[in-house]
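Visitor: I've got the sequence and the model open, but the vocabulary is new to me. Could you walk me through it and tell me how each label is earned?

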Amino acid sequence: MARRVAGGQGGTAARAPGPKAARRPEVRLPALEPYGGAELEPDGDYDGLEFRDQDFAGQDGGGARFMDCALTGCALDETRLHRARVLDSVLTGIRGVGTDLAESTLRDVEVVDARLGGVQLHGSVLERVLVRGGKIDYLNLRKARLKDVVFEGCVLVEPDFGGARLERVEFVDCVLKGADLTGATLTDVDLRAAAELDIARGVDRLAGAVISTAQLLDLAPVMAAALGVRVDGGPEGG
């Protein structure tokens, strides 16, 4: 089972208070049994298993439950995992395009060095999740709920957080390109340590987030556009 560790506030009494820190998962897997290699089953129950280099492309594991599992180097192209539950597990080096995890639950999960494209997580619940390294293109988190989630050292290309609720979410040394925050609700979201912050839509939803001064300057043009403000450098000096 995962041991839940609360993040500390750190700093000194003179330091201005920042957002509440996300609680990261710290997964301690038991001794695992190797997976037998059969196809995934809808509503399957997978407990204490190691899935290594399995090809689940096109398979249907909708509604399945993964508890205390390790998935390493598995292919998830067009794999259907709608309403799956992934609990106290580590996913390392997973890859795939069009993976369907819509309306799923990920709790106390570490996702390491993933290479995914068009993964569907809309309507899902992510709680105490760490996404470290790797690259995810067109991540769909519309209307999802994220609580105590950390994106660290990863690249997110055009992630869609439209209508999502983010609470205690941190972006650390990661790149966000073309993020969509339309209709999102942010609480204690820390963007200050993001390596690159590019918001395509929904910059007006940043209330509840903390950004750095440099990021504010970078976002000034898109903020001005969202407010309908025309920026004019003024007349040139003679």
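**Strands, bridges and burial**

Guide: Let's start with one pair: Lys147 has Glu167 in β14 as its bridge partner. Before we go on, this is a predicted model, where local features need pLDDT of at least 70, side-chain atom pairs count only at pLDDT 80 or more, and totals for chains, interfaces and linings use all residues. Residues are numbered from 1 along each chain as its sequence is written, and side-chain values use heavy atoms, with hydrogens and water left out.

Visitor: What makes β12 and β14 a pair?

Guide: Two strands pair if DSSP finds at least two bridges between them. β12 and β14 have seven, in the parallel sense, so they pass. Strand β11 (residues 125–137) also runs parallel to β12, with seven bridges. One spot to look at there is Arg132, which stands opposite Glu152 in β12.

Visitor: How do you know that β16 and β18 pair?

Guide: They have two bridges, and at least two are needed, so the label holds. That pairing is parallel, with strand β18 covering residues 209–210. Val189 stands opposite Ala209 in β18. On β16 (residues 185–190) there's also a parallel link to β14 (residues 165–172), made by five bridges. Look for Glu170 there, whose bridge partner in β16 is Asp190.

Visitor: Why is Asp148 called buried?

Guide: Buried means under 20% relative accessible area, exposed means over 50%, and partly exposed is in between (1.4 Å probe, protein chains only). Asp148 is at 0%, so it counts as buried. Its strand, β12, is mostly covered, with six of its eight residues buried. In the whole protein, buried residues make up 49% of the 238 residues.

Visitor: And why is Ala209 called partly exposed?

Guide: Ala209 has 21% relative accessibility, so it falls between the two cut-offs. Beyond its neighbours within four places in sequence, it is in contact (heavy atoms within 4.5 Å) with Leu186, Val189 and Leu191. Its C-alpha atom is 9.5 Å from that of Thr185, 24 residues away along the chain.

**Salt bridges**

Visitor: What makes Asp148 and Arg23 a salt bridge?

Guide: The rule is a side-chain nitrogen of Lys or Arg within 4 Å of a carboxyl oxygen of Asp or Glu. Here the closest N and O atoms are 3.4 Å apart, so the pair qualifies. Asp148 lies in strand β12 (residues 145–152) and Arg23 in the loop between β1 (2–4) and β2 (25–27), so the pair ties together parts that are 125 residues apart in sequence. Unlike buried Asp148, Arg23 is partly exposed, at 28% relative accessibility.

Visitor: How do you know that Glu167 and Arg168 form one too?

Guide: Their closest N and O atoms are 3.6 Å apart, and the limit is 4 Å, so they're in. Arg168 is buried at 13%, while Glu167 is partly exposed at 30%. Together with Arg23 and Asp148, these two are linked in a network of salt bridges.

Visitor: What about Glu50 and Arg52: what makes that a salt bridge?

Guide: N to O is 2.9 Å there, which is within 4 Å, so it counts. Both ends are partly exposed: Glu50 at 24% and Arg52 at 44%. A search of the whole structure finds 16 salt bridges.

**The helix**

Visitor: How many helices and strands does the protein have?

Guide: One helix and 18 strands. Helices (H or I, at least four residues) and strands (E, at least two) are DSSP runs, numbered from the N terminus. Helix α1 covers residues 213–227, so that run easily meets the four-residue minimum. A kink of about 50 degrees lies at Ala220, shortly before the proline Pro221. The bend is the angle between axes fitted to the seven residues ending there and the seven starting there. Just after α1, Gly228 takes a positive phi of about 75 degrees.

Visitor: Why is Gln215 called buried?

Guide: Its relative accessible area is 7%, and buried means under 20%, so the label fits. Gln215 is in α1, where Leu219 and Ala224 are buried as well. Part of what covers the buried residues of α1 is β17 (196–201). Leaving aside neighbours within four places in sequence, Gln215 is in contact with Leu191, Arg192, Ala194 and Leu197.
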